[in-house]
Amino acid sequence: MSRLSTHTRRFALRGELLRPTTLSVRDLREGWEQHRTEVSFDCASKGPQGHFFEGPLLREVVIGAGPAFDLRRRKDRSRYLLAVTGGDGHHTVLSWAEIDADFTNTPVLLATRMDGRPLDSDGSQLVVPSDRCGARYISAITSIWIGQAIPGQQGPRR
Ligand SMILES: Nc1nc2c(c(=O)[nH]1)N[C@H]1C(S)=C(S)[C@@H](COP(=O)(O)O)O[C@H]1N2
Ligand SMILES: [Mo]
């Protein structure tokens, strides 16, 4: 039997976490409540697209790994960023406040299915319903990093 048929993609969840972990799409499906969302987004090269996604909230998955911030303190939480990377190296950032219930509260998902099709072999896809364009809908996720944004770092001297 082909090994490819049972291939499972996992991503690393790392950064300022008490319990960094590695998760498969199956883990995402079995470990958290599945949310459903119908979205449309525009692509500069391919035009408008519409899709139906299912999966857990990014917020709940990251909270499961124990972010280093004090969960009760909004100002502390508001300093954190998330960087999401796809299998081809495409990566993007979100702020924690975008997905935090006390701030923008966007229901960003880590998709386990797209238009009903399981993503186990492709890997999870980031779903950002608030975005007008598709650039942050990272597919084949390989890594999610969370950490504080540290302002004031200098660029190279000119
Ligand atoms: N890993 C990865 N995910 C990605 C991209 C990419 O280049 N690599 N392109 C983004 C862009 S620009 C769009 S519009 C959406 C949908 O693009 P697709 O139709 O090529 O999947 O995927 C996003 N996710
Ligand atoms: Mo795009």
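Which residues are linked with R77 in a network of salt bridges? The network joins R74, R77, D100 and D102, a salt bridge being a side-chain nitrogen of Lys or Arg within 4 Å of a carboxyl oxygen of Asp or Glu.

This is a predicted model, in which local features need pLDDT of at least 70 and side-chain atom pairs count only at pLDDT 80 or more, while totals for chains, interfaces and linings use all residues. Residues are numbered from 1 along each chain as its sequence is written, and side-chain values use heavy atoms, with hydrogens and water left out.

The whole structure holds 12 salt bridges, among them the three tabulated here.

| Salt bridge | Closest N to O distance |
|---|---|
| R77 and D100 | 2.7 Å |
| D70 and R73 | 3.5 Å |
| D76 and R79 | 3.8 Å |

R77 lies in helix α3 (residues 74-77) and D100 in the loop between α4 (96-99) and β7 (109-111), so the pair ties together parts that are 23 residues apart in sequence; helices (H or I, at least four residues) and strands (E, at least two) are DSSP runs. R77 is buried at 6% relative accessible area, and D100 is buried at 4%, where buried means under 20%, exposed over 50% and partly exposed in between, with a 1.4 Å probe and protein chains only. By contrast, R73 is exposed at 54%, whereas its partner D70 is partly exposed at 22%.

An open sheet of five strands runs in the order β2-β1-β11-β5-β6 with mixed pairing, two strands pairing if DSSP finds at least two bridges between them. Because β2 (21-24) and β6 (91-95) each have a single partner strand, one side of each is left without a neighbour in the sheet. Strand β5 (residues 80-86) pairs with β6 in the antiparallel sense over five bridges, and L81 has S95 of β6 as its bridge partner.

Note on methods. Chains lettered and ligands numbered in written order.
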